[in-house]
Amino acid sequence: MREPPTLGLRPTISNQTSEAIMTDDTAAIIVHESSRQFHLTNGRISYIFHADGQGKLINLHFGAAVPDREDFSYLTEVTHSPTTTCRIPGNLTYTLERMRQEFPEYGGGDYRRPALEVRQGNGSTLTDLTYGGGYRIIAGKPRLTGLPAMYVEHDDEAATLEIDLIDRPTGLTVTLQYAVFRNQPVIARSVRVTNGGSEPVSLERVMSLNLDLPDRDYTMTEFAGAWARERHPHTQPLHYGVQQIESLRNASGHFLNPCAVFARPATTEAQGEAIGVAFEYSGNFDLHAEVDTFDVTRVQVGINDFGFAWRLAPGETFQSPEALLAFSSEGLTGLSHAFHRTVSEHIVRGPWKRRERPILINNWEATYFDFDEDRLVGIARTARDAGIELFVLDDGWFGARNDDTAGLGDWRPNPRRLPNGLASLARRVNDLGMRFGLWFEPEAVNADSDLYRAHPDWAIRTPGRTPSHGRNEYLLNFADRAVVDNIFEQMSALLHSANISYIKWDMNRFVSEGYDLSRGAEHQGEACHRYILGVYDLLERLLAAFPELIIEGCASGGGRFDMGMLFYTPQIWCSDDSDAIERLKIQYGTSMFYPLGTMGAHVSITPNHQTLRSAPLATRANVAAFGTFGYELDLGRLSAAELDEVRRQVAWFKRYRDLLHTGDFYRLVAPYGNERAAWMVVSRDRHAAIVGDYRLLITPNGAFTRLALRGLDAALTYRVDCTGASGIAGRSFTGAELMRIGMVDSDASCGQMDDVNPLGVTTDFSSRLFVLTAD
């Protein structure tokens, strides 16, 4: 696989009338010089804007694809509106307050939130960005230096437009980057700011994306939660003023994911229009919609401007993170499919992009800190006998780590627990025919550690202030290159010392007193962003040095589940809450933007350690199967019957994991406020499907039920098999029947649950998997 270039841009062609670089028969960037209009399209979407007579970029359309025409400027209307502020002397009709701009600033009559704020030497933050004719069209998609970004393997998969705006008094050049892709209804957006003046300036707000929509007839869905209940969808109509989600934790966070859906009120899973916005970034973010008095909706996403100030010296450039914008006319499912394929094809990279990920077992809930080499090998041996492929050693293997108060930062084997070192344990696990993996928390340090005693100035703290801790730990200042170098050297030495195939990268606290002791006062507004750049740098260096390594992201579970991390870690631990019933809610919401192959999901101990709930072993596996499958318990403590069941689960998942991770996902019944839930995956050729059918609470003597399936080929006939009791197992039905009449999924709760019930017994938290195969 050819990765995107790390430096420079490809050759460009520019300034030709009706210019287009075609990426297939329908994808193009079309430029009309006469109307100064730009049209990005791929036959599925159109994104159209132009430069007006004042040099302002005005949005004309984003949504379903339309045929190109030379001039769409009729979509910009002007009129005299009382109380508005006008830009042109003597002209009472042209006001920026009523313009749908591509990259607006405060001032000149626009009183809405700006996309850019630059503090200059005289204290002013006003700019006046205008288009002077400078643009470039690039075949493919350039890499963003030091940041995650969508990429292509071949130049014909995308085309990129870069367009320059100039603020003449300061000499600033703001370059807007748009990439349109051949096969997805997605636009990638980012911004580059270059100081071409003679004085330093301070960037205090730089949004990566601004989209002014022509009306407010949308709902906004955000994905909220907390530790152990991440990414539950919440939907409300847009209203006048600002609706905002954000993070100030210097992580995308458990509370609000950096993604949102803007859908028409009548939109459902299966039909209607929806726009999705996702921020490819792992730190502080701001995503909001502002509805003005004229019913225009301004959507913006970018680095949160709270505390942000980036000093830009003459000649320097600042690159914003990337934002993704998608459109669906096929409901929320169509939007999800666009993002799933985008993540799988253009964000996840490296050798594990297309390989089947190994089924793993993690020792954390089996042992916590109570283990030695022999006990770990025993757990691995039992797991190997069940068909599991990867053993992961979690927290407690390093430094003086006997509990969570010591050892972080000292990445060398704990002599008390592993007197023979990691190489001995890794070799014994490898001799079983299994891969070996290891837990790290690279960004954290305990005060009781050799690293902290040698370099207390490497921990984040503000001079003269008492630092806060979380989980008895502090964060290292990853804005300091020396810190990142040290952690890379420690991790690299360990990875060279033993055959380690996998890393679980954890982060268990957030930045609370952000300060960069390695830089002066004028750079403190850069500390949080530089920290994230340091995290990305360490990840990039590890992957370059160990290209076969699997890194699974984690931040107290799902505290940094974002598309920025997926550029480096092809899977992320979805939540520390491994209870199957809670995971239905978490994985259901996560699936709006993220594909199943990115969701770390395990079968854990019961009663569950987060909820104390006891769910059947079958249900725990039937939920975890819709993710990157694994186990988090001591299999040696299971009964012989339970071990046999685990073997069957592992064998079943191995048979179907390619379908589960590459097929199209459909949400059927939401687990929120219902007593059941259901979802399904359909192969791309529509010849096979797997349906997950879950009972949350039983209704005694309840109704017969049907489940309307989706995504099948109406003309094909499917044989239905089931992992549990079912009245239709072994029978065949057409796709038309299964989708238009529905699949009968009645269970034993539809009558008296006794020995004569042909469907056996159904309890709270029961589940079944239906496998559909075209005859």
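**Exercise 1. Describe the lining of the second largest pocket.**

Solution.
Step 1. Count the lining. The second largest pocket is lined by 29 residues. Ser344, Lys353, Arg354, His661 and Thr662 lie nearest its centre.
Step 2. Recall the term. On a 1 Å grid over the protein atoms alone, a pocket is an open set of points where a 1.4 Å probe fits, with protein on both sides within 12 Å along at least five of seven lines; lining residues have an atom within 4 Å of a point.
Step 3. Note the source. The model is predicted: local features need pLDDT of at least 70, side-chain atom pairs count only at pLDDT 80 or more, and totals for chains, interfaces and linings use all residues. Residues are numbered from 1 along each chain as its sequence is written, and side-chain values use heavy atoms, without hydrogens and water.
Step 4. Find the suppliers. At least two lining residues come from each of α1 (331-346), α11 (640-662) and β33 (664-669). Helix α1 gives the largest share, six residues. Helices (H or I, at least four residues) and strands (E, at least two) are DSSP runs, numbered from the N terminus.
Step 5. Sort by type. The lining holds 13 charged, nine polar and seven nonpolar residues. Asp, Glu, Lys and Arg count as charged; Ala, Val, Leu, Ile, Met, Phe, Trp, Tyr, Cys and Pro as nonpolar; the others, Gly among them, as polar.
Step 6. Give the volume. The space in this pocket is about 560 Å³. A volume is the space filled by probe spheres set on the grid points, which are joined across faces, edges and corners.

**Exercise 2. Trace the closed barrel and the helices on it.**

Solution.
Step 1. Follow the order. Eight strands run β23-β24-β25-β28-β29-β30-β31-β32, with parallel pairing. Two strands pair if DSSP finds at least two bridges between them.
Step 2. Look at one pair. Strands β24 (residues 390-393) and β25 (residues 435-440) run parallel and are joined by four bridges. Leu393 has Leu438 in β25 as its bridge partner.
Step 3. Add the helices. Helix α3 (residues 373-385) lies across β23 (360-362) and β24, at about 155° to β24. Helix α7 (residues 527-545) touches β28 (502-505) and β29 (550-553), and its direction makes about 175° with that of β28. Contact means heavy atoms within 4.5 Å. Axes are lines fitted to C-alpha atoms, for helices over the stretch in contact, and angles run from 0 to 180 degrees between N-to-C directions.

**Exercise 3. Classify the ring pair of Phe478 and Tyr531.**

Solution.
Step 1. Search first. The whole structure has 36 aromatic pairs.
Step 2. Apply the rule. The ring centres of Phe478 and Tyr531 are 5.7 Å apart and the planes stand at 40°, so the pair is tilted. Rings of Phe, Tyr and Trp (its six-membered ring) pair if their centres lie within 6.5 Å; planes under 30 degrees apart count as stacked, over 60 as edge-to-face and the rest as tilted.
Step 3. Place the rings. Phe478 is in the loop between β27 (474-475) and α6 (481-497), and Tyr531 is in helix α7, 53 residues apart.

**Exercise 4. Describe the open sheet and its edges.**

Solution.
Step 1. Six strands have the order β33-β34-β35-β40-β37-β38, with antiparallel pairing.
Step 2. The edge strands, β33 and β38 (732-734), each pair on one side only.
Step 3. Seven bridges join β35 (residues 688-695) to β40 (residues 767-774). Tyr694 stands opposite Ser767 in β40.
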